[in-house]
Amino acid sequence: MTWAALLLRQVKFENRSFWRNPAAAAFTFAFPLMFLMIFNLAFGDNEVPGPDGPVNAATSFIIPAITAFAVINACYTNIAISVTFARDQGVLKRVKGTPLPDWIYLAGRIVHAVFIAMILVVIVVLAGKLFYNVDLPSTWPAFLFSLVVGAAAFSALGLALTGFIPNADSSPAIVNFSILPLLFISDIFIQIDDPPGWLEAVARFFPVKHFFEAMQTSFSPFTTGNGFEWGDLGIMGAWAIAGLSIAMRRFSWEPRR
């Protein structure tokens, strides 16, 4: 078989395994929708001035934030936790002993995570349009490109993080500890007005804030250009390369002792 056929077969296997665990699949899709509803109940009535009149907060802030959160949850959190459990259960060790190339297995994980993230984004955007009258983005190429770059970056970082997780039992705590503070200081959950300089510097060092800002620019009806935030996209690309480099050095196919 060609590498493309092998990759497609692996993605199909990952997809089948994902849907055969309905509890995990339900939570993956429920969390972004739950936050969408909560944020709209809390902030949805707020309006911000726009060039053609007031625009609700859901259009300018909530939907881009929830789409960014959905991608991070599917590509970073789920990959880091599921791969760690597969490692400790001996699944990765058995895969390593098959003729399947290592990179095909890992690429299959990443491609499937990106696929689930795209489904989540479609659901969130449609829910925003149907229930909260959200304006859809006019700069679709920038929106889709930002999604793909962000999904690739956080998938690579999720694989890299597995090299620092000692066992499966500790993976949820370590993964959430590594991402939850960044979600708060990067304006995903709440928008911090006039943050301290050191907090802004910390937020801008990591890729979460850059991902949110790229999503916000490409989704916002106020955007006058093509919607591409090349500075933010470049930083996410650098994090993706760093994540892949770390994963190649520290990724383990056998359970940690």
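Colleague: Where is the place of Arg 20?
Modeller: This is a predicted model. Helix H1 covers 3–19 and helix H2 covers 22–43. Arg 20 sits in neither helix, but in the loop between H1 and H2.

Colleague: Is Arg 20 buried or exposed?
Modeller: The exposed class needs over 50% relative accessible area. Arg 20 has 67%, so it counts as exposed.

Colleague: Which residues gather in the patch of positive charge on the surface?
Modeller: Arg 20 is one of them. The full patch of positive charge is made of Arg 9, Lys 12, Arg 16 and Arg 20.

Colleague: How many helices and strands are there in the protein chain?
Modeller: Read along the sequence, the pattern is α-α-β-β-α-α-α-α-α-α-α-α. The count for the protein chain is 10 helices and 2 strands.

Colleague: What radius of gyration does the protein chain have, against that of a compact globule?
Modeller: The C-alpha trace spans about 60 × 40 × 30 Å along its principal axes. A compact globule with 257 residues would come out near 18 Å. The protein chain agrees with that, at 19 Å.

Colleague: What percentage of the 257 residues count as buried?
Modeller: Buried means under 20% relative accessible area. Of the 257 residues of the protein chain, the buried share is 48%.

Colleague: How many salt bridges does the count come to?
Modeller: Side chains of opposite charge can pair when their charged atoms come close. The cut-off is a side-chain nitrogen of Lys or Arg within 4 Å of a carboxyl oxygen of Asp or Glu. By this rule the number of salt bridges is 7.

Colleague: Which side chain meets that of Arg 109 in a salt bridge?
Modeller: The N to O distance is 3.7 Å, which falls within the 4 Å cut-off. The partner of Arg 109 is Glu 14.

Colleague: How many residues apart are Arg 109 and Glu 14?
Modeller: Arg 109 lies in helix H5, residues 102–132. Glu 14 lies in helix H1. The two residues are buried. The pair links distant parts of the chain, and the separation in residues is 95.

Colleague: How far apart are the closest N and O atoms of Lys 209 and Asp 187?
Modeller: Lys 209 is in helix H9, residues 207–219, and Asp 187 is in a loop, 22 residues apart. The two form a salt bridge. The gap between their closest N and O atoms is 2.9 Å.

Colleague: Is Lys 209 buried or exposed?
Modeller: The limit for burial is under 20% relative accessible area. Lys 209 has 3%, so it counts as buried.

Colleague: Near what value is phi of Asp 187?
Modeller: Asp 187 is found in the loop between H7 and H8. Asp 187 counts as buried because its relative accessibility is 10%. Its phi is positive, in a residue other than glycine, and lies near 70 degrees.

Colleague: Which residue forms a salt bridge with Arg 204?
Modeller: Arg 204 counts as partly exposed, at 34% relative accessibility. Its partner is buried, with a relative accessible area of 18%. Their closest N and O atoms are 2.7 Å apart, and the partner is Glu 213.

Colleague: Which residues are linked in a network of salt bridges?
Modeller: The pair Lys 209 and Asp 187 and the pair Arg 204 and Glu 213 are salt bridges. Glu 200 also belongs to the network. The linked residues are Asp 187, Glu 200, Arg 204, Lys 209 and Glu 213.

Colleague: What separates the C-alpha atoms of Phe 206 and Phe 29?
Modeller: Phe 206 is in the loop between H8 and H9. It is partly exposed, with a relative accessible area of 27%. Phe 29 is 177 residues away along the chain, and the C-alpha separation is 25 Å.

Colleague: About how much accessible area does the nonpolar patch on the surface have together?
Modeller: The patch is formed by Phe 27, Phe 31, Met 34, Met 37, Ile 38 and Leu 41. Met 37 is in helix H2. Met 37 is partly exposed, at 44%. Together the patch residues have about 600 Å².

Colleague: How far apart in space are Ile 66 and Pro 32, C-alpha to C-alpha?
Modeller: Ile 66 is in helix H3, residues 57–88. Ile 66 is buried, with a relative accessible area of 1%. Ile 66 and Pro 32 are 34 residues apart in sequence, and their C-alpha distance is 6.1 Å.

How values were computed
Residues are numbered from 1 along each chain as its sequence is written. This is a predicted model: local features need pLDDT of at least 70, side-chain atom pairs count only at pLDDT 80 or more; totals for chains, interfaces and linings use all residues. Side-chain values use heavy atoms; hydrogens and water are left out. Patches are made of residues with over 30% relative accessible area and no salt bridge: like charges are joined within 9 Å, nonpolar side chains (Val, Leu, Ile, Met, Phe, Trp, Tyr) within 5 Å. Accessible areas come from the Shrake-Rupley method with a 1.4 Å probe; for residues, only the protein chains shown count as cover. Lys and Arg count as positive and Asp and Glu as negative; His and the chain ends are not counted. The place of a charge is taken as NZ of Lys, CZ of Arg, CG of Asp or CD of Glu. Helices (H or I, at least four residues) and strands (E, at least two) are DSSP runs, numbered from the N terminus. Buried means under 20% relative accessible area, exposed over 50%, partly exposed in between (1.4 Å probe, protein chains only). The radius of gyration is taken over C-alpha atoms; the globule rule is 2.2 Å times the number of residues to the power 0.38.
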